[in-house]
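Colleague: I am new to this structure and should like to understand the terms used to describe it. May we go through them one by one?

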Amino acid sequence: MLFYDCSTAPSPRRARMFIAEKGLAIETRDISIAKSEQLEPAFLAINPHATITVLETDSGAILTENLGIAAYLEAAHPEPPLMGQTPDEKGAVMMWNTIVEQQGGWPIAEVLRNTNPHMKDRAIPGQTNLEQIPALAERGMARVDLFFDLLEERLTQSRFLALDQFTLADITCFVFVDFARVIRRRIPDDNPATLAWFKTIRSRPSAAL
Ligand SMILES: N[C@@H](CCC(=O)N[C@@H](CS)C(=O)NCC(=O)O)C(=O)O
């Protein structure tokens, strides 16, 4: 296997944590977004969508999405299970992972990509240049606040996001909550359940990678 990583970006960090939690050591190649290496022909030949994360599997298949990579690794290396074991558990992990991507990850990205001067005309990752829309950043910021409310409500009821144990959904959520610092948003001080959950996840060795 070959893992295409980028040390500064949240999407590959999700895969990095998943790989570490599985106890796997996979050959890694770093692609620098700062140097626009994802747009160079050598990388586009691997992923024409020009996005990182990418995993080349043992059979040579190219997987370009976190969820696809996680599903592949979970099937190939079932222990420890990170995506649930029973039908109900598997459904809950996918459900919470999707909620977090859509209600947390997208709004954070919307704010960053529509405000950061380095992302001028790069409002969406990929080969197509799209201009920034400031109103999307404003709406994204409001949605991030709603995301923190949603998390606090859930984590008041449950120790971890999807199940009574650590899963892929916690990885996804942790990475996005941590990444919110780039838009100067942190877990509100009056959200004790989310703060406690964040501390628990941050103490895992995989979170330091
Ligand atoms: N849905 C993809 C997201 C991939 C993605 O958007 N990656 C970003 C880094 S977090 C990227 O490649 N950005 C390149 C760019 O900004 O041009 C996944 O699950 O991995």
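Modeller: Certainly; please bear in mind that this is a predicted model. Around the ligand there are 14 residues, and those that come nearest are Gln-38, Ile-52, Glu-65, Arg-113 and Arg-122.

Colleague: What makes the pair formed by Glu-65 and a nitrogen atom of the ligand a polar contact?

Modeller: A polar side-chain atom of Glu-65 lies 2.6 Å from that nitrogen atom. A pair of N or O atoms within 3.5 Å is a polar contact, so the term applies. Ile-52 places a backbone N or O atom 2.8 Å from a nitrogen atom of the ligand, and a side-chain N or O atom of Arg-122 is 2.7 Å from an oxygen atom of the ligand.

Colleague: How much of the ligand does the protein bury?

Modeller: The protein buries 84% of the 510 Å² that the ligand exposes when taken alone.

Colleague: Why is Ser-206 called buried?

Modeller: Its relative accessible area is 4%. Buried means under 20%, so Ser-206 qualifies. Ser-206 belongs to the segment after helix 7 (192–202) and, leaving aside neighbours within four places in sequence, is in contact with Met-17, Ala-20 and Glu-21.

Colleague: Which residues of the largest nonpolar core touch the most other members?

Modeller: They are Val-177 and Trp-197, in a core of 48 residues. Helix 6 gives the most to this core, with nine residues. Beyond four places in sequence, Trp-197 touches several residues, including Leu-155, Phe-160, Cys-173 and Val-177. Another core, of eight residues, lies apart, and Leu-2, Tyr-4, Ile-31 and Phe-43 are among them.

Terms used:
Residues numbered from 1 in each chain as written. Predicted model: local features only at pLDDT ≥ 70, side-chain atom pairs only at ≥ 80, totals over all residues. Heavy atoms only, no water. Helix = DSSP H or I, 4+ residues; strand = E, 2+ residues; numbered from the N terminus. Buried < 20%, exposed > 50% of the residue type's maximum accessible area, 1.4 Å probe, protein only. Contact = heavy atoms within 4.5 Å. Core = buried A, V, L, I, M, F, W, Y, C linked by side-chain atoms within 4.5 Å. Near = heavy atom within 4 Å. Polar contact = N/O pair within 3.5 Å; in protein donor to acceptor, adjacent residues only side chain to side chain. Areas by Shrake-Rupley, 256 points an atom, 1.4 Å probe, with all protein chains shown as cover.
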